[in-house]
Amino acid sequence: MQVKLTVAIYPHERLADIGEVVTFNCSIRGYPVSNVRWAKNAKFLTDGGRLRIIARNQLMVTSVRREDHGLYQCFAGNDRDSAQGIAQLLIGGRNVCSLLVGMLA
């Protein structure tokens, strides 16, 4: 038996400051799920460094940097169906401003 796949990422949009830890959760419905892959700006990610894939349904970005902003996608598939969810990571400026004020003081 097969049930059509649907995918959503939570949160859909996340505003983070430099240095924060961000976690995206991939919610997959349907059956079977043969594979799950994560991508950033349509480029598939590998586990390692500051981008950690946790239990295939979670992506953790540790110590957020400005270049981490963008669209994150979770792809789920099987031999007959595939689906994707998309979330956006936006970078705030609170910590950058604090650093600049500290440098000017």
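# Close-up views of a predicted model

A search of the whole structure finds five salt bridges. The model is predicted. The legends below cover the fold, the strand pairings, an aromatic pair, salt bridges and a surface patch.

**View 1. The protein chain holds nine strands and one helix.** Along the sequence, the pattern reads β-β-β-β-β-β-β-β-β-α. The helix therefore follows the strands, as the pattern β-β-β-β-β-β-β-β-β-α is numbered from the N terminus. The protein chain has 105 residues, and 33% of them count as buried.

**View 2. Five strands form an open sheet.** The order is β2-β9-β8-β4-β5. Pairing in this sheet is mixed. β2 (13-16) and β5 are the edge strands, and each pairs on one side only. Strand β4 (residues 35-40) and β5 run antiparallel, joined by two bridges. Ala-39 has Phe-44 of β5 as its bridge partner. Strands of a sheet pair through backbone hydrogen bonds, either parallel or antiparallel.

**View 3. β1 pairs with β3, and β3 pairs with β7.** Six bridges connect β1 to strand β3 (residues 22-31), and the two run antiparallel. Thr-6 meets its bridge partner Arg-29 in β3. β3 is also joined to strand β7 (residues 58-61), again antiparallel, by four bridges. Here Asn-25 has Gln-58 of β7 as its bridge partner.

**View 4. β6 and β7 make a hairpin.** The two strands pair in the antiparallel sense over four bridges. Ile-53 has Leu-59 in β7 as its bridge partner. Three residues lie between the strands of this hairpin. Ala-55 takes a positive phi near 50 degrees in the hairpin.

**View 5. Phe-44 and Phe-75 form a tilted aromatic pair.** The structure holds two aromatic pairs. In the pair of Phe-44 and Phe-75, the ring centres are 5.3 Å apart and the planes meet at 55 degrees. Why is the pair tilted? Planes under 30 degrees apart count as stacked and over 60 as edge-to-face, so 55 degrees makes this pair tilted. The pair links distant parts of the chain, 31 residues apart. Phe-44 is in strand β5 (residues 43-44), and Phe-75 is in strand β8 (residues 70-77).

**View 6. Arg-37 lies over the face of Phe-44.** The distance from Arg-37 to the ring centre is 3.8 Å. Phe-44 has 45% relative accessibility and counts as partly exposed. Its aromatic partner Phe-75 has a relative accessible area of 25%. Phe-75 is therefore partly exposed too, because buried means under 20% and exposed over 50%.

**View 7. Arg-50 and Asp-68 form a buried salt bridge.** Their closest N and O atoms are 2.8 Å apart. The pair links distant parts of the chain, 18 residues apart. Arg-50 is in the loop between β5 and β6 (51-54), and Asp-68 is in the loop between β7 and β8. Are these residues buried or exposed? Both Arg-50 and Asp-68 are buried. Side chains of opposite charge can pair when their charged atoms come close.

**View 8. Asp-47 and Arg-52 meet in a salt bridge.** Their side chains are 3.4 Å apart, N to O. Asp-47 is partly exposed, at 42% relative accessibility. Arg-52 is partly exposed as well, at 36% relative accessibility.

**View 9. Arg-65 and Glu-67 meet in a salt bridge.** The N to O distance between these side chains is 3.7 Å. Arg-65 has a relative accessible area of 42% and is partly exposed. Glu-67, with a relative accessible area of 46%, is also partly exposed.

**View 10. Met-1, Val-3 and Tyr-31 make a nonpolar surface patch.** The patch covers about 400 Å². Val-3 is found in strand β1 (residues 3-10). How can a partly exposed residue such as Val-3 be part of a patch? Val-3 has a relative accessible area of 38%. Patch residues need over 30%, so Val-3 passes this cut-off while counting as partly exposed.

Conventions:
Residues numbered from 1 in each chain as written. Predicted model: local features only at pLDDT ≥ 70, side-chain atom pairs only at ≥ 80, totals over all residues. Heavy atoms only, no water. Patch = residues over 30% accessible without salt bridge, like charges linked within 9 Å, V, L, I, M, F, W, Y side chains within 5 Å. Areas by Shrake-Rupley, 256 points an atom, 1.4 Å probe, with all protein chains shown as cover. Salt bridge = Lys/Arg side-chain N within 4 Å of Asp/Glu carboxyl O. Buried < 20%, exposed > 50% of the residue type's maximum accessible area, 1.4 Å probe, protein only. Pairing = 2+ DSSP bridges. Phe/Tyr/Trp six-rings, centres within 6.5 Å; stacked < 30°, edge-to-face > 60°. Lys NZ or Arg CZ within 6 Å of the ring centre and 35° of its normal.
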